[in-house]
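These are my notebook entries on a single model. I looked up its helices, cores, aromatic pairs and salt bridges in turn.

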Amino acid sequence: MTPAAPSFAFLAGAADSPVILHVPHSAREIPADVRAGIVLDDEALERELDHITDSHTARIAQEAARTAPLTPWRFENRLSRLVVDPERFPDDREEMLAVGMGAVYTQTTHREPLRPDGTDPEPLVARYFRPYAQAMTDAVADRLAAVGRAVVIDVHSYPAEPLPYELHGGGPRPPVCLGTDAFHTPPELLAAAREAFAGLGETGLDSPFAGTYVPLEFYGKDPRVSALMVEIRRDTYMTEPGGPAGPGLPRLAAALAALVTAATA
């Protein structure tokens, strides 16, 4: 069955830019047949989308791409992470399975049922997760072939107060959290991010969320692929939960553009 909306988009940047801004969690769209497998009523689903969606992060990435001297490429998930979460492992390696949030979520942010017990994740994984993963793999391979390197910058957001699903919500919650990987995050990329976001307040490291996204074909194997996760605390740029963007958004977009510029050099 054809999905109600395109699952993802790879938006072209400058031919010689190595940077891919990856925006996996900004959308709220859920195809009707997928919605039918979610047990929440419409009002509860809207509340859950308010909590789980990284609202306005696609706009932050778009503005950063528009203003950066060398336009980065952008890879955007056009469907809600309640369809599938493309950044999870699709198997038992995923620690978020402990709270019902593997590649296909079965619980909400407040640890309530999202899908019926015994839901088989495989149909959604086959239909959405694997094509997304392959397309992202192809996007990174495209930058490696064109430029000889790729820099994946994940653009996320998180709530000011921890939600019950968070496994590591007890640590610091700075305005900007930088998620790193020992293999794929070189010191110069981390330093560039700290400098780019310095004017927005404290920049933390791997708390409350850690790690980066790298397609499995390259993960831990290809040092030409660099990666960094940028987690923005939502109260710095929007009304929580799920409300409109505020004056902080342009400042964040400018900081992200500065990071893109540094990563391109």
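**Entry 1. Helix α4**

I took helices as DSSP runs of H or I of at least four residues, numbered from the N terminus. The model is predicted, and I kept this in mind throughout.

I first looked at what follows α4, and found G148, whose phi is positive, near 90°. I then checked the length of the helix, which covers residues 122–147. At 1.5 Å a residue, its 26 residues should span 38 Å, and the end C-alpha atoms are 36 Å apart, so the two values agree.

Where does α4 bend? I found a bend of about 30° at F129, with a proline, P131, following within four residues.

I listed the buried residues of α4, among them L124, V125, Y128, F129, Y132, M136, R143 and L144. The buried residues of this helix pack against β1 (8–11), β2, α1 (32–35), β3 (73–77), β4 and β7.

**Entry 2. Nonpolar cores**

I looked up the largest nonpolar core and noted 33 residues. Those with the most contacts inside it are L21, F197, V230, L256 and L259. At least two residues of this core come from each of β2 (19–23), α3 (57–67), β4 (150–158), β5 (176–179), α5 (187–196), β7 (225–233) and α6 (248–264).

Which element gives the largest share of this core? I noted α6, with nine residues. Apart from this core I recorded another, of 29 residues, which includes A44, V104, Y105 and M229. I add one general remark: in soluble globular proteins, nonpolar side chains tend to be buried together.

I then followed L21. Beyond four places in sequence, L21 touches A61, A64, P72, W73, R74, F75, I153, V155, L256 and V260.

**Entry 3. Helix α6**

I applied the length check to α6 as well. Its 17 residues should span 24 Å at 1.5 Å a residue, and the end C-alpha atoms are 24 Å apart, which agrees. Its buried residues include G248, L249, L252, L256, L259, V260 and T264. I noted β2, α3, β4, α5 and β7 among the elements that cover the buried residues of α6.

**Entry 4. Aromatic pairs**

I counted six aromatic pairs in the structure. One of them is Y158 with F209, an edge-to-face pair at 6.1 Å centre to centre, with 65° between the planes. Y158 lies in strand β4 and F209 in the loop between β6 (203–205) and β7, so the pair ties together parts that are 51 residues apart in sequence. I found both Y158 and F209 buried.

I also recorded one aromatic cluster, formed by F8, F10, W73, F75 and Y132.

**Entry 5. Salt bridges**

I obtained a count of 18 salt bridges and examined three individually.

In one, the side chains of E63 and R66 meet at 2.7 Å, N to O. Both lie in helix α3, three residues apart, about one turn of the helix. An α-helix has 3.6 residues a turn, so residues three or four places apart point the same way.

Are E63 and R66 buried or exposed? Partly exposed means a relative accessible area between 20% and 50%. E63 has 24%, so I entered it as partly exposed. R66 has 59%, and I therefore entered it as exposed.

In another bridge, E76 and R74 meet through their side chains at 3.1 Å, N to O. Both of these residues are buried.

The remaining entry is D85 with R88, at 3.6 Å, N to O. D85 and R88 are buried too. Salt bridges that share partners join D54, R81, D85, R88 and R234 into one network.

**Entry 6. M101**

I looked up M101 and located it in the loop between β3 and α4. Why does M101 count as buried? Its relative accessibility is 0%, and the cut-off for buried is under 20%.

I noted that M101 and L82, 19 residues apart in sequence, are 9.3 Å apart in space, C-alpha to C-alpha. Setting aside neighbours within four places in sequence, I found M101 in contact with I52, R88, E94, M96, Q107, T108, T109 and Y165. R88 in this list also belongs to the salt-bridge network.

Methods: Residues are numbered from 1 along each chain as its sequence is written. This is a predicted model: local features need pLDDT of at least 70, side-chain atom pairs count only at pLDDT 80 or more; totals for chains, interfaces and linings use all residues. Side-chain values use heavy atoms; hydrogens and water are left out. A nonpolar core is a set of buried Ala, Val, Leu, Ile, Met, Phe, Trp, Tyr and Cys residues joined through side-chain atoms within 4.5 Å. Buried means under 20% relative accessible area, exposed over 50%, partly exposed in between (1.4 Å probe, protein chains only). Contact means heavy atoms within 4.5 Å. Rings of Phe, Tyr and Trp (its six-membered ring) pair if their centres lie within 6.5 Å; planes under 30 degrees apart count as stacked, over 60 as edge-to-face and the rest as tilted. The expected span of a helix is 1.5 Å times one less than its number of residues. The bend at a residue is the angle between axes fitted to the seven residues ending there and the seven starting there. A salt bridge is a side-chain nitrogen of Lys or Arg within 4 Å of a carboxyl oxygen of Asp or Glu.
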